[in-house]
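Reader: I am new to this structure and would like to go through it slowly. Could you show it to me before I ask anything?

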Amino acid sequence: MNAPRAALAVLGKEIRAEFRSYELLISTFVFVLIVVFVFSFAFEPTSEESRRIGPGLLWIALLFAGSLMLQPSFSRERVNDTLGGLRLAPIAPFSILAGKILSNFLFLILVEAALLPIFGVLYNLPLAPVAAPLALIMVTGTLGIATIGTVFSAIASHARMRELLLPLLLLPALTPVLIASTEVTAGLLADPYEIRTTWLVMVGAFDIIFLTATWLFGEYLLEE
Amino acid sequence: MTGKTDGGAFMQAVRSFAVCALVCGAAYAAFFIAPTEKTMGDIQRIFYFHVASFMNAFVAFTIAFIANIFYLMRRSPKADWLGVSGVEVAVAFTSAGLLMGPLWAKPIWGHYWTWDPRLTSTFILWVLGLCYMLLRSLIEDPERRAVVSAVFSIFVFLDVPLVYLANRLPRGQHPKPVILGDTNSGLAPEMGRVLLYCFIALFVLMIALLRERYSLEQLRHEVAEIRAETESGYSASN
Amino acid sequence: MKNFNFLFEAYMGAWAIFFVYHFTVARRLTRLREEVERLKQTIGKSGRS
């Protein structure tokens, strides 16, 4: 089975597993919503402040949600050693990682798609006029979170205290994505809106660099 | 126990003394030989050890990075020992640098911390170095620990320049962060020389600490092997 | 020297960090060497018996 098809097969398996119970998607969505609400309770932002802190808040909430949601990616596989089963299949190890990165990416995107309209309403932010570039930055930024998140989930799955370890490793490592995505989003919400291409390019570069690193070194994480 | 004492306790003491003398000499140079800086005065003398610490931290991280890649390719345990030693020593030097920075900033600007690109990315690097040490302590099997932490350190090494870049570009509507000043612009030659002395002295210290930490890891490996031998010896004789 | 306190504290702090690190490693090293000696003696004894 060639690599892309194998990755898609793994993706299919992940999606089917999740869509049996939707537990991950629902709990992630609720968690992000809670974070967004809690922030507004703490800060009570005015309209002007919302425009300023809104983007940062959005990406922080996604980062927190991601670091919880990415956990089961590999810890689920330990229960009945299904990871061992995957490794026995005649597919490249990178395909397993790629499939998981894609599925985590997809789940995060679904959560974001549900979240953004609510977020826009709660914080009174004009998201509709900038929907297309906003979608672009959401996709690029989320890919960065999914890539590093999946790899670090694989790393943490070898260690004790993995539930605490994953957010601990993830949050410092993802600061470039946090900063750059926030900047782009803030630019889109400014008046008049601007597309801050330098930052967008940085997120794209982040994605490319780490997808390449995963391709080169990720397979070692799947060893037993 | 051959080779471990490396020529005996006396040679060890001589080496330690030499390293200490070198470092003290560098500090003396920083305090008394270097010229006084025009605008900042004597507090600027922190610069010499502060910058030299970070430079050596960077060297140590690079050594660790190369060792870890080598480990992944060849699976030589020695490479793993060098990797962990490099990261630990680098974290120590980064800590020293991060301690000196705020003590320099406080009298000059009145506050201990600024969100300038170098300080922020150095802080993240420090945190990720601690994460590396934490990760290692949470994995028991030596081979798996080596592999997993090697991959992690590679990702960290690739991440840090990005963290630096992200902090360096000017941000949207936020006020510009207070920059610590481009300390290397127009460095007087005497200052450059003192900086070089300090770098060399701390480099020697760094290598000494690296070797010490490496031999600790090597000894741990030996103990594990002896233990395994002992256990199999008992079970064979029983 | 102006601001000497900060300057002094900074250098002392840096040295403290290096020394503390060195001592923690050295102490672990000594303990391990004792352990190796102990283990080798244990092997020696069981070898003889």
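The questions and answers below take up one chain, one helix, a core and an interface.

Author: This is a predicted model, in which local features need pLDDT of at least 70 and side-chain atom pairs count only at pLDDT 80 or more, while totals for chains, interfaces and linings use all residues. Residues are numbered from 1 along each chain as its sequence is written, and chains are lettered from A and ligands numbered from 1 in the order in which they are written.

Reader: How many helices and strands are there in chain B?

Author: Helices (H or I, at least four residues) and strands (E, at least two) are taken as DSSP runs, numbered from the N terminus. Read from the N terminus on, the elements of chain B run α-α-α-α-α-α. The count for chain B is therefore six helices and zero strands.

Reader: Why does the end-to-end distance of helix H7 of chain A agree with its number of residues?

Author: The expected span of a helix is 1.5 Å times one less than its number of residues. Helix H7 of chain A has 26 residues (residues 131-156), so it should span 38 Å, and this agrees with the distance between its end C-alpha atoms, which is 36 Å.

Reader: Which helix gives the most to the largest nonpolar core?

Author: A nonpolar core is a set of buried Ala, Val, Leu, Ile, Met, Phe, Trp, Tyr and Cys residues joined through C-beta atoms within 7 Å, where buried means that 20 or more other C-beta atoms, placed from the backbone, lie within 10 Å of a residue's own. Of the 144 residues in the largest such core, A:Ile155, B:Ala60 and B:Cys198 touch the most other members. The helix that gives the most to this core, with 16 residues, is H6 (residues 189-237) of chain B.

Reader: How many residues of chain B are in contact with chain C?

Author: Two residues are in contact if their C-beta atoms, placed from the backbone, lie within 7 Å. On the chain C side there are 27 such residues, and the number in chain B is 32.

Notes. A residue is buried if 20 or more other C-beta atoms lie within 10 Å of its own, exposed if 12 or fewer, and partly exposed in between; C-beta atoms are placed from the backbone.
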